[in-house]
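Me: I would like a close look at one part of this protein, its nonpolar interior, and at how the surrounding pieces of the chain relate to that part. Please take it slowly and residue by residue where that helps.

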Amino acid sequence: MTSFRLSSLRLFAAAFVATALAFTALSPAHAEAKKDFKVGWSIYVGWMPWGYAMDHGIVKKWADKYDINIELVQFNDYIEGINQFTAGAYDGVMATNMDALAIPSAGGVDSTILLICDYSDGNDVIILKGKDKLEDIKGQKVNLVELSVSHYVLARALENIGMSEKDVTVVNTSDADMIAAYATPDVTAMVTWNPMAAEILNEKGAYNVYDSTKLPGEIQDSLVVNTQTMKDNPAFAKAMTGIWYETMALMAGGDAAAEAAKTAMGVASGTDLAGYEAQLAATEMFYKPEDYIKFTEGNLVELTQFVTKFLFDHGLLGDAATSPGYIGIELADGTIVGDESNVLLRYTTEYAKMAAEGKL
């Protein structure tokens, strides 16, 4: 089964921040009103609806409504898509909240999370071989994609039981090698994501000792747009919001059309309907704008601080960062977490509220 996250997916490192900084110098000082927009996306369970919408006329329908053109471009290299967005070549990109901070924000690009598409709700798993308690991980080598969401899950899990990364040894391992690595005698602990995690957990003696159900809302998968572009082009924001929620309503319909849509999304991502629905079961999708609004106007202060601490501790906020709050994050209600003079990531529910009120 093809992985929903390609080999570079969700990997962020200081080198990418440096690249982002270089790209920023080439970007225009500000956006302006325009007609043509490009948005990048990558293969992942929560983002397949964008590809479906592009292929089945939903994108064109909403773009035509606002007399604009929108092209949704699939990137096989997730990080390259974010770098292109950071460079100004794209107006929006699908990214995790952590990557939005670590790349465009750390590179000086003011960005806005227009929509949170979903969050991981069991897709990310810590697996032990022959042991069934998280505490048994102490002293073990842990195979994972270093500086990725898997690394974040490990750090948070250890913190929750009074341990730290000093109590284990991280072994950087490509996601493409996870299943083969687990089959070797030397690998006894691993952090990975579905579908690799599900396949490994079918092995005798493999135990799920911790997963992202214990970190609700922390691993967010979002539509990130250039803040100035959004301000100068509200039609773009309205159209993207309309595209998303029309596709969500289709998926949630519970009828033949919903099954056909999810089947197409599964096939496009390298699996089938059953495989895709298994991924959805471990993903908290925001099918209705009201769900997204409730979440985004909830406890994001605390969730954001968990993420910024990890990024700062691992040097992913840039060389100039002196604290986890180096980059200011403006929440939907105007609250700012971090440095108010350096706000470079924002959340908004403005357009989702228009969707909820039928005003798009």
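Reply: What follows begins with the chain as a whole, moves into the nonpolar core, and then turns to individual residues.

The model is a predicted one, and its protein chain is made up of 15 helices and 14 strands. For a chain of 360 residues a compact globule would have a radius of gyration near 21 Å, and the 20 Å of this chain agrees with that expectation. Taken along the principal axes, the C-alpha atoms fill a box of roughly 60 × 50 × 35 Å. Buried residues account for 55% of the 360, while the area that the chain does expose comes to about 14200 Å², with carbon and sulfur atoms supplying 50% of it. If one considers the contacts between residues at least 6 apart in sequence, 78% of them join residues at least 24 apart. As for charge, the 26 positive and 48 negative charges have mean positions that lie 2 Å apart.

With that setting in mind, we can turn to the interior. In soluble globular proteins, nonpolar side chains tend to be buried together. Here the largest nonpolar core has 104 residues, and the members that touch the most other members are Trp50, Ile70, Ile126, Ile137 and Met240. Helix α10, which spans residues 234-251, gives the most to this core, with nine residues. There is also a second, separate core of 13 residues, which includes Ile127, Val145, Tyr182 and Trp193.

Trp50 leads us to helix α2, residues 48-55, which is mostly covered, since six of its eight residues are buried. Besides Trp50, the buried residues of α2 are Met48, Pro49, Gly51, Tyr52 and Ala53. The helix is followed by Gly57, whose phi is positive, near 85 degrees.

Ile70, another of the core members with the most partners, touches Phe37, Met54, Val59, Ala63, Phe236, Ala239, Met240 and Ile243 when residues up to four places away in sequence are not counted. Met240 is thus both a contact of Ile70 and one of the members listed with Ile70 for touching the most others.

Leu223 offers a second view of the interior, from strand β10 (residues 220-226). Its relative accessible area is 0%, so Leu223 counts as buried. Leaving aside neighbours within four places in sequence, Leu223 is in contact with Val39, Trp50, Val93, Met94, Thr112, Ile113, Leu114, Leu115, Cys117 and Met240. Leu223 and Ile116 are 107 residues apart in sequence, yet their C-alpha atoms are 6.3 Å apart in space.

Tyr276, in helix α12 (residues 273-281), is likewise buried, because its relative accessible area is 0%. The C-alpha atoms of Tyr276 and Val45 are separated by 7.0 Å, although their positions lie 231 residues apart along the chain when counted as a separation in sequence.

A charged residue deserves attention beside these. Asp91, in the loop between α4 (78-87) and β3 (92-96), has a relative accessible area of 5% and is therefore buried. With residues up to four places away in sequence not counted, Asp91 touches Lys34, Asp36, Phe37, Lys38, Phe85, Val224, Val225, Asn226, Thr229 and Phe236. Two of these contacts, Phe37 and Phe236, are also touched by Ile70.

Two loop residues stand out for their backbone angles. Most residues other than glycine have a negative phi. Leu147, which is not a glycine, has a positive phi of about 65 degrees, and its place is in the loop between β6 (141-144) and α6 (149-160). Its relative accessibility is 18%, and since the cut-off for buried is under 20%, Leu147 counts as buried. Asp67, in the loop between α3 (58-65) and β2 (69-74), also has a positive phi, near 55 degrees. With a relative accessibility of 52%, however, Asp67 counts as exposed.

Finally, Ala257 in helix α11 (residues 256-268) serves as a contrast to the covered positions, because its relative accessible area of 38% makes it partly exposed. The C-alpha atoms of Ala257 and Tyr119, which are 138 residues apart along the chain, are separated by 24 Å.

Terms used:
Residues numbered from 1 in each chain as written. Predicted model: local features only at pLDDT ≥ 70, side-chain atom pairs only at ≥ 80, totals over all residues. Heavy atoms only, no water. Helix = DSSP H or I, 4+ residues; strand = E, 2+ residues; numbered from the N terminus. Rg over C-alpha atoms; globule rule 2.2 N^0.38 Å. Buried < 20%, exposed > 50% of the residue type's maximum accessible area, 1.4 Å probe, protein only. Contact = heavy atoms within 4.5 Å. Areas by Shrake-Rupley, 256 points an atom, 1.4 Å probe, with all protein chains shown as cover. Lys, Arg positive; Asp, Glu negative; His and termini not counted. Charge placed at Lys NZ, Arg CZ, Asp CG, Glu CD. Core = buried A, V, L, I, M, F, W, Y, C linked by side-chain atoms within 4.5 Å.
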